[in-house]
Amino acid sequence: MLVQGTPTRTIWPVLDQGPRRVAIIDQTRLPHEFVTRELADLADAAEAIAVMRVRGAPLIGATAAYGLALAADRDASDSALAGAANRLIATRPTAVNLRWAVERLLARLDDLPEGRRPEAAWAEAAALCAEDVAQNRAIGAHGLALIRAAGGGRAEPVNILTHCNAGWLATVDWGTALAPIFAAREAGVAVHVWVDETRPRNQGASLTAWELNQAGIPHTVIADNAGGHLMRQGRVDLCIVGTDRTAANGDVANKIGTYLKALAARDNGVPFYVAAPGPSIDFTLADGTAIPIEERDADEVAYIAGLADDGRLLSVRLPPLGSPCANPAFDVTPARLVSGLITERGVCAANREALAHLYPERT
Ligand code: MRU
């Protein structure tokens with residue numbers, strides 16, 4: 001996607017004269033500063049995932065793949081790669097793309113002699129990233145048909161509500177939930193996006209709003225509590241969200257607060273779609289009850305960061321000192337509340353049979 005007119009991805013290898021490195025956009029600095037950062041080794045990659053310089057299930061997977069490639073440049077022995085894999089997998093528990101990417105890289109390297117592993121690791125990480133981009137483009141095309149249907153051929157913009165950031169910043173490019181919105185812009189279909197701010201880390205207010213601003217797509221940031229009210233007023237035509245892990249039966253883990261939006265959508269007859277690329281679907285889990293839910297630092301709830309009017313970036317505390325906070329980072333929306341899953345292979349019902357039909361090789 002474009003950043004101030006320049007085509008940009010969220011992650012790319014730096015292959016100059018020096019040791020191989022990986023560049024990322026440091027998402028902790030957005031939306032007020034656009035800063036890139038280089039990852040020089042496994043520790044840098046693990047840190048970037050853990051503190052959410054990179055985030056979003058597909059991008060976490062891509063960063064882990066390059067993290068393993070960085071590790072292989074230092075030591076490509078079986079034991080070193082196994083240690084690197086464990087370290088990366090431990091960074092964040094909910095997004096299944098992390099384990100998927102690490103296991104894919106390990107499987108690719110397994111049979112190779114040590115000397116050939118580094119090149120193969122970098123090539124596999126690049127291939128994984130290229131596939132992510134292609135998958136998201138396909139999700140965009142399939143989701144565009146849903147947007148057109150929700151608009152019913154009228155000229156006014158289609159109002160789409162989204163939660164968290166499942167845009168291009170959450171992937172290598174194009175995004176998952178936002179891919180149909182970018183496709184609509186390309187196709188000349190008018191849309192307006194309701195952007196949930198998405199407490200506590202505010203990925204909606206900071207990242208989704210930034211992306212839509214860059215793309216010139218009409219949008220409005222709303223408090224997380226506003227969505228149900230807007231649906232009751234008939235001001236939301238459909239919801240599209242992403243997923244960090246979808247179980248084999250179509251239960252969807254996504255950023256905390258997604259479940260409440262799905263409930264409100266069901267009560268108001270608003271279609272609720274989940275953009276789910278294949279690597280985010282976990283066929284090993286029968287349903288969503290077994291999805292590990294990340295508990296993050298309570299300070300993410302207690303403190304809020306932003307730009308003061310005098311230009312300073314500030315972090316301020318909200319609750320009184322002494323009030324404990326809790327920070328479950330994801331929730332699970334039961335499949336019965338999901339109108340459909342938008343995958344790179346097409347839109348399907350959120351159930352075991354439909355998913356197995358689309359991905360026969362994985363069941
Ligand atoms: O905690 P984050 O920012 O890594 O959250 C993950 C997400 O980006 C969202 O849950 C998103 O909706 C699904 S990943 C495309």
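## Buried and exposed residues

A residue is called buried when its relative accessible area is under 20%, exposed when that area is over 50%, and partly exposed in between. With this in mind, one can read the structure shown above, which is a predicted model, and ask which of its residues are covered by the rest of the protein. Of the 363 residues, 56% count as buried, and the accessible surface of the protein comes to about 14800 Å², of which 52% belongs to carbon and sulfur atoms.

## Overall build

The protein contains 11 helices and 18 strands. Its radius of gyration is 20 Å, close to the 21 Å that the globule rule gives for 363 residues, and the protein is therefore as compact as a globular protein of that length. Measured out along the principal axes, the C-alpha trace spans about 60 × 55 × 45 Å.

The contacts also tell something about how the chain is arranged. Among those between residues at least 6 apart in sequence, 74% join residues that are at least 24 apart.

## Charges

The protein carries 34 positive and 42 negative charges, and the mean positions of these two groups are 2 Å apart. Side chains of opposite charge can pair when their charged atoms come close. In this model the count comes to 25 salt bridges, and a few of them are described below.

## A salt bridge between buried residues

Where in the chain do Lys 261 and Asp 196 lie? Their side chains meet in a salt bridge, with 2.8 Å from N to O. This pair links distant parts of the chain, since Lys 261 belongs to helix α9 (residues 258-268) and Asp 196 to strand β7 (residues 191-196), 65 residues apart. By the cut-off given at the start, both Lys 261 and Asp 196 are buried.

## Other pairs and a network

Arg 21 forms a salt bridge with Asp 16, and the closest N and O atoms of the two are 2.9 Å apart. Is Arg 21 buried or exposed? Its relative accessibility is 15%, so Arg 21 counts as buried, whereas Asp 16, with a relative accessible area of 43%, is partly exposed.

Another salt bridge joins Asp 310 and Arg 312, where the closest N and O atoms are 2.8 Å apart. Salt bridges can also be followed from residue to residue in the model, as in the network that links Arg 92, Arg 201, Glu 294, Arg 296 and Glu 300.

Technical notes
Residues numbered from 1 in each chain as written. Predicted model: local features only at pLDDT ≥ 70, side-chain atom pairs only at ≥ 80, totals over all residues. Heavy atoms only, no water. Helix = DSSP H or I, 4+ residues; strand = E, 2+ residues; numbered from the N terminus. Rg over C-alpha atoms; globule rule 2.2 N^0.38 Å. Buried < 20%, exposed > 50% of the residue type's maximum accessible area, 1.4 Å probe, protein only. Contact = heavy atoms within 4.5 Å. Areas by Shrake-Rupley, 256 points an atom, 1.4 Å probe, with all protein chains shown as cover. Lys, Arg positive; Asp, Glu negative; His and termini not counted. Charge placed at Lys NZ, Arg CZ, Asp CG, Glu CD. Salt bridge = Lys/Arg side-chain N within 4 Å of Asp/Glu carboxyl O.
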